[in-house]
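Visitor: I should be grateful for a close look at a single part of this structure. Please take the sheet and the helix that packs on it.

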Amino acid sequence: LREQGVEAEIATTNDNGSDLLDVPLNQLVFQEVPIWFFHRFSPPIHPVREFAFSGDLTRWLWQHISEYDLLHIHAIFSYPSTVAMAIARWQGIPYTNLPLGQLCEWSLQQGTLKKQIYLRLIERSNLNHSKVIHFTSELEQQEVSKLGLLPPSFIVSYGVDIPATLTDSRQRLREILKVPEDEPVILFMSRLHPKKGLDYLIPALGQVTEHRFTFVLAGKGDAEYEAKIDELLRVAGISSRTYRPGFVTGEMKQLLLQGSDMFALTSHSESFGLAVLEALAAGLPVIITPGVPLASVVKEHQLGYVTGLDANEIASAVQHCLSHPEVGREMGSRVRQLIIEQYTWERIATKLIKVYNAIHNGYQTKTGHSGKWGTRKA
């Protein structure tokens, strides 16, 4: 957005799960882009800490929100996004909300009573006062339409950078894994959470007995769920063939993407599935389920396999992919062209700017308000 002339800034807290980020507070800092960080209230009570209350953010928003033409608020059911929408309403500043899949059926079924009360008492009114609601896929848009929210909506997906090619990525990855150079590697890389369908993927891999492989399970989750994953791996009989690097980023992340043979994300529900797009950009065939919105793209362009949320179907797809390595080699040019045409960040920013201008021009005509172009991630 900034490269295309939008004066975009981010406002957020120093929330980092159970920890706090070590960052300067209450001032504009540059971490590739300009960010305002504010202190998160951090009591030992997990639900309160997770809500990410921030008095400093509240005061700053109240004092400075009118300096911006538009807020692009990310997520719902958390204090920063809720208070940002409320203050924008009170001060008459237009905003759009990106719910990040939290309004999809599967997500609303988790902690149902608490979310339904919160949605009914607070968040529905906040959402209904959005100028538009931002979805990242048609699947998400269709699911949320059942809630009967009032604003119009638009779809702009996430983007991806086409990675620089790492030399000898296959060999280097297998040296790290301590496996032979011809060992197939199956990659899962995402947040470790029940909605990711690991209770189907891991048993499916346990059924793949005709091929040798190493399973890389990259990601981080809460301790209780990680213990459940350990038990799933043990029962499936693949603990000794599984490598657990935890959360990965930078060169290690690209080494996993470029050095593996296939990528699997068998989720119950996703608002988009950015990890799948990153895997495709690295040239990997993917195995995904219909709950991943990119399923239609994968089918249309023959970029991998779309299975039901069923261990037998997933196992069959894995075995077919291992038996036909040419699937990955043949999709290279198709997927590269697709990403260049639709999914580079430059393309995504261009689409967002069109929406921002439509919101801003209509709002400015009605109110005469004009300030800094700003987006807010709260």
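Guide: The following describes the sheet, its hairpin and the helix beside it. This is a predicted model, in which local features need pLDDT of at least 70, side-chain atom pairs count only at pLDDT 80 or more, and totals for chains, interfaces and linings use all residues. Residues are numbered from 1 along each chain as its sequence is written, and side-chain values use heavy atoms, with hydrogens and water left out.

Three strands make up an open sheet of mixed pairing, in the order E1-E5-E4; strands are DSSP runs of E of at least two residues, helices runs of H or I of at least four, numbered from the N terminus, and two strands pair if DSSP finds at least two bridges between them. At the edges lie E1 (10–13) and E4 (28–31), each pairing on one side only. From one strand to the next the twist averages 40° (angles run from 0 to 180 degrees between N-to-C directions, with axes fitted to C-alpha atoms, for helices over the stretch in contact).

E4 and E5 (residues 33–38) are antiparallel, with four bridges. Val29 stands opposite Ile35, and Phe30 opposite Pro34. The two strands form a hairpin with one residue between them, and Glu32 in the turn has a positive phi of about 75°.

Helix H2 (residues 55–64) packs on this sheet, touching E1 and E5, and its direction makes about 120° with that of E5; contact means heavy atoms within 4.5 Å. Within H2, Arg59 and Asp56 lie three residues apart, about one turn of the helix. Their side chains form a salt bridge, with the closest N and O atoms 2.5 Å apart (a side-chain nitrogen of Lys or Arg within 4 Å of a carboxyl oxygen of Asp or Glu).
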